Amino acid sequence: MSYLTQLKTFVEVYRSGNITRAASRLHMSQPSVTSHIQAMESIVGKELFIRKARGVEPTPIADDLALQVSSHIDILEQKVASIRSRASTDHGTLHLAGPAEYLSSVAGPTLANLLQADRVNLVVHTGNKADIYGLLKNDVAELAITGSEPESTMYEYQKLDKERLVLVMNRVQGKLIEDREVTASLLNTHKVVAYDEQLPLIRRYFADVFNAKCDSPVAAICPDIRAIASIVTSGVGYSVLPDYLCKRGIKQGELIQLGKPGPENDLYLVWKKGALSNPRVDFAKDVITAFTNLNYLAEYPS
């Protein structure tokens, strides 16, 4: 007897951690999903999930079974979907999540290229790291662009792009010190504009370049990196920004780049395991990665 259907149900419950959510994704009733799990528990002779108030928790046996079978289930799903897509449409709406500054400053041409294929409609969701992964986890978004490598095994990903952190200052103060050696002590005498009170990009730059802490007085907190660039350009202090947000201002003389280039940060395209079984998502993933790589090679030829 084949237990492929039950194994597929098991993998979905394992990944979602919830019988109701798995039933919705599989377009099945909750009793049917429960029946499939019970069948698998009879086959392996052990309990697979512990029922909790808000879902289910996998047992060590379930962890081992998922490790053994989940990738094979995904491959089978993708093969079937690939065959099905040749005889059916992959048109529809794609939901993509990502940081607003990258989507607005860099990803626009890539998304335009995706839309020109006339095979998908696009809904874009923006937010911070927690928002983006929350949209993926709750199946609001099918693909996401993020500056962090996924920590959970429920996701797959591909490197998409890179950004380099750059120290920039308003042109009035910047011109006064651009010929001096830029040190942490020197910068700490100037005001800084930051994303939040933790100074995330600034703190990382100081640690990597100066091996020191930033003690600059904070002129403004602004949870939008695009607005930070605008504030500094208008004559307030300095900040650390991704290169794609400030290279035009530097070229036009509106911003002064100081110090050494900062650390690089990888950007990733992320999706839930099993998501590529949907031909529309698989198609969008291929277009986004291919077009972004072409743009990257054009800007940074080897």
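Good morning. I begin with a definition: a residue is called buried when its relative accessible area is under 20%. The structure before you is a predicted model, and I shall discuss its cysteines and its aromatic rings.

Let us take the cysteines. A disulfide is a covalent bond between the sulfur atoms of two cysteines. How many disulfides does a search of the whole structure find? The search finds 0. C214, for instance, takes part in no disulfide, and the nearest cysteine sulfur, which belongs to C246, is 17 Å away. C222 has its closest cysteine sulfur in C246 as well, at 15 Å. Since a disulfide requires the two sulfur atoms to be within 2.5 Å, that separation is too far for a bond. As to their surroundings, C214 counts as buried because its relative accessibility is 10%, and C222 is buried with a relative accessible area of 13%.

I turn now to the aromatic rings. A search of the whole structure finds 7 aromatic pairs. One of them joins Y205 and F210. How are these two rings arranged, stacked or edge-to-face? The pair is edge-to-face: the centres are 5.8 Å apart, and the planes meet at 70 degrees. Why is Y205 described as buried? Its relative accessible area is 0%, so Y205 falls under the 20% cut-off. Its partner F210 is buried too, with a relative accessible area of 18%.

Finally, I draw your attention to another group of rings. F10, Y14 and F49 are linked into a cluster by ring pairs. Thank you for your attention.

Technical notes
Residues numbered from 1 in each chain as written. Predicted model: local features only at pLDDT ≥ 70, side-chain atom pairs only at ≥ 80, totals over all residues. Heavy atoms only, no water. Buried < 20%, exposed > 50% of the residue type's maximum accessible area, 1.4 Å probe, protein only. Phe/Tyr/Trp six-rings, centres within 6.5 Å; stacked < 30°, edge-to-face > 60°.
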